[in-house]
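These are my notebook entries on one structure. I set down what I looked up and what I found.

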Amino acid sequence: MKKIDHLGIAVRDLQQSVKFYKENLGLELLGYEEVKEQMVKVAMFKCGESRIELLEATSENSPIFKFIEKKGPGLHHTAIRVNDLEKELIKLEEKGVRLIDSKPRIGAGGHKIAFVHPKSTGGVLLELMEE
Ligand code: ZN
């Protein structure tokens, strides 16, 4: 586990949120991306050595849409960067940690990612990612 790579924030209106992070907080917008598999549009900001990822659902079937329906907009996940994702997943599984993805999949930026269930982490959805 190397560092907190980014915080994922579920938003209702990406353009409006981008405006806030850019103009009011003065953060640098790194770019936009659509992740079809997760049905989200993403805007990524640089924040020191970490990043902030804004997520807007593109479909009612998107996990982000369901999250906002249930909890409202807000912090959706914390992402930690790891050296070897597959090895970490095996290690966690051996320790009885509840994983959402037992195998890596491809997330924003083409990175290998996997989610750990909030039940195991104290209520926070945890994304592990490998660069
Ligand atoms: Zn993320």
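**Strand pairing around β8**

I began with a single bridge: Ala114 has Leu128 as its bridge partner in β8. The model I am reading is a predicted one. I then looked up the strands involved and noted that β7, residues 112-116, pairs with β8 in the antiparallel sense over 5 bridges. Next I turned to β5, which pairs with β8 in the parallel sense, also over 5 bridges. Within that second pairing, Ala79 has Glu127 as its bridge partner in β8.

**Burial of β8**

I asked which way the side of each residue in β8 points. Leu126, Leu128 and Glu130 point one way, whereas Glu127 and Met129 point the other way. Every one of these residues is buried. Because 5 of the 5 residues of β8 are buried, I recorded the strand as largely enclosed by the rest of the structure.

**The zinc ion**

Which protein atoms are the donors of the zinc ion? I found NE2 of His6, OE of Glu53, NE2 of His77 and OE of Glu127, lying 2.1 to 2.2 Å from the ion. I wrote their spacing in sequence as H-x46-E-x23-H-x49-E. Two of the donor residues sit in strands already mentioned or close to hand in my notes: His77 lies in β5 (residues 74-82) and Glu127 in β8 (residues 126-130), so this pair ties together parts that are 50 residues apart in sequence. I also noted that His77 and Glu127 are both buried.

I then asked why the arrangement of donors is called irregular. The 4 donor atoms subtend angles of 81 to 159° around the zinc ion, which makes the arrangement irregular. For four donors to count as tetrahedral, all angles would have to lie between 85 and 135 degrees.

**Pro118**

I moved on to Pro118, which lies in helix α4, residues 118-121. Its relative accessibility is 23%, so I entered Pro118 as partly exposed. Leaving out residues up to four places away in sequence, Pro118 touches Ile100, Gly123, Val124 and Leu125. I also looked up Leu99: from C-alpha to C-alpha, Leu99 and Pro118 are 8.9 Å apart in space, and they are 19 residues apart in sequence.

**Met39**

My last entry concerns Met39, in the loop between β2 (28-35) and β3 (40-47). Phi of Met39 is near 55°, a positive value in a residue other than glycine. Is Met39 buried or partly exposed? With a relative accessible area of 24%, Met39 is partly exposed, since buried means under 20%.

Terms used: Residues numbered from 1 in each chain as written. Predicted model: local features only at pLDDT ≥ 70, side-chain atom pairs only at ≥ 80, totals over all residues. Heavy atoms only, no water. Donors = N, O, S within 2.8 Å, 3.2 Å for Na, K, Ca; no water. Tetrahedral: all angles 85-135°; square planar, octahedral: opposite > 155°, others 65-115°. Helix = DSSP H or I, 4+ residues; strand = E, 2+ residues; numbered from the N terminus. Buried < 20%, exposed > 50% of the residue type's maximum accessible area, 1.4 Å probe, protein only. Pairing = 2+ DSSP bridges. Contact = heavy atoms within 4.5 Å.
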